[in-house]
Amino acid sequence: MTARKRVGVLISGRGSNLSALIEACKKPSYPAEITVVISNRPDAAGLDIATKSGIATRVIDHKNYPSRETFEADLNAALRAANVDIICNAGFMRLLTKGFVEAWRDRQLNIHPSLLPAFKGLDTHERVIAAGEKISGCTVHFVRTQMDAGPIISQAEVPVLAADTPDDLAARVLQAEHKLYPQALELVASGSARVEGERVIHDLKPD
Ligand code: GRF
């Protein structure tokens with residue numbers, strides 16, 4: 001097997017997608033390993049998840065920086081110091097500037113709990129229910145400067161049930177996220193997914 005890609009995971013909170021990625025990386029044939037977890041919030045529960053799994057963590061608190069650029073300079077330095085090949089945003093609640101996004105172009109993934117390009121932004125599940133959608137889901141995409149936009153790597157659908165509260169729907173979508181994110185990272189880390197003309201092409205490799 002070729003060398004596993006080194007992944008840096010950016011979080012701001014709970015870290016359930018981080019957990020799913022950690023689990024996937026335990027498989028010997030998985031083409032990626034997590035080498036650092038960085039949170040912009042010191043109280044993010046995901047930091048404990050990483051520590052318990054023996055993964056190095058860093059807190060880079062955006063509140064300690066006078067600008068997005070100075071925050072991102074330290075973020076970038078921490079990722080470079082860990083020799084990261086691929087960044088996975090997993091519930092990372094900071095918008096990134098063009099400079100950072102371009103430095104990691106086609107090497108930074110994000111997961112969003114809707115079928116993009118529908119329902120970008122926050123309060124996704126409330127808005128999906130209010131709109132009367134019957135299907136929702138989640139998307140893993142490469143990061144671009146526009147929020148929740150960029151070439152789509154993979155998506156999964158879940159039904160929206162008549163009695164769903166936003167929390168019910170969030171829980172159902174989250175289960176799908178935990179399957180989708182490891183699959184999408186596998187596609188990227190193995191080189192089976194690549195960006196062409198702002199669309200992701202998947203190579204089907206024979207076994
Ligand atoms: C997930 O729903 C993800 O799609 C969104 O933020 C949430 C993060 O949850 N971007 P967790 O921290 O991974 O549990």
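**Exercise 1.** Which strands and which helix do the buried residues of α3 pack against?

*Solution.* Keep in mind that you're looking at a predicted model.

Step 1: find the helix. α3 runs over residues 68-81, which makes 14 residues. From first C-alpha to last it reaches 20 Å, close to the 20 Å expected at 1.5 Å a residue.

Step 2: pick out its buried residues. These are F71, E72, L75, A78 and L79. Looking down the axis of α3, you'll find them within an arc of 120 degrees, so they line one face of the helix.

Step 3: see what that face meets. The buried residues of α3 pack against the strands β1 (5-11), β2 (32-39), β3 (57-59) and β4 (86-89), and against helix α4 (98-103).

Step 4: turn to the other side. The face of α3 pointing away from its buried side carries E69 and A81, both exposed. After α3 comes N83, with a positive phi near 55 degrees.

**Exercise 2.** Work out why helix α1 counts as largely enclosed by the rest of the structure.

*Solution.* Step 1: list the buried residues. In α1 they are S16, N17, L18, A20, L21, I22, A24 and C25.

Step 2: set that against the helix length. Eight of the ten residues in α1 (residues 16-25) are buried, so the rest of the structure largely encloses this helix.

Step 3: name the neighbours. The buried residues of α1 pack against strands β1, β2, β4 and β5 (108-112), plus helices α2 (46-52) and α6 (166-189).

**Exercise 3.** Find the residues around the ligand, then trace its polar contacts with R14, S16 and N17.

*Solution.* Step 1: collect the surroundings. Around the ligand sit R14, G15, S16, N17, G91, I111, H112, P113, L174 and E177.

Step 2: check the side chains. R14 has a polar side-chain atom 2.6 Å from a ligand oxygen. For S16, an N or O atom of the side chain is 2.5 Å from an oxygen atom of the ligand.

Step 3: check the backbone. A backbone N or O atom of N17 lies 2.9 Å from an oxygen atom of the ligand.

Step 4: look at the cover. On its own the ligand exposes 370 Å², and the protein buries 85% of that.

**Exercise 4.** Decide whether S192 is buried or exposed.

*Solution.* Step 1: locate S192. You'll find S192 in the loop between α6 and β8 (193-196).

Step 2: apply the cut-off. Buried means under 20% relative accessible area. S192 has 11%, so S192 is buried.

Step 3: look for a partner. The side chains of S192 and S190 are joined by a polar contact of 2.9 Å.

Conventions: Residues are numbered from 1 along each chain as its sequence is written. This is a predicted model: local features need pLDDT of at least 70, side-chain atom pairs count only at pLDDT 80 or more; totals for chains, interfaces and linings use all residues. Side-chain values use heavy atoms; hydrogens and water are left out. Helices (H or I, at least four residues) and strands (E, at least two) are DSSP runs, numbered from the N terminus. The expected span of a helix is 1.5 Å times one less than its number of residues. Buried means under 20% relative accessible area, exposed over 50%, partly exposed in between (1.4 Å probe, protein chains only). The arc is that of the directions from the helix axis to the C-beta atoms. Contact means heavy atoms within 4.5 Å. A residue is near a molecule or strand if one of its heavy atoms lies within 4 Å of it. A polar contact is a pair of N or O atoms within 3.5 Å; within protein, one must be able to donate a hydrogen and the other to accept it, and residues adjacent in sequence count only if both atoms are side-chain atoms. Accessible areas come from the Shrake-Rupley method with a 1.4 Å probe; for residues, only the protein chains shown count as cover.
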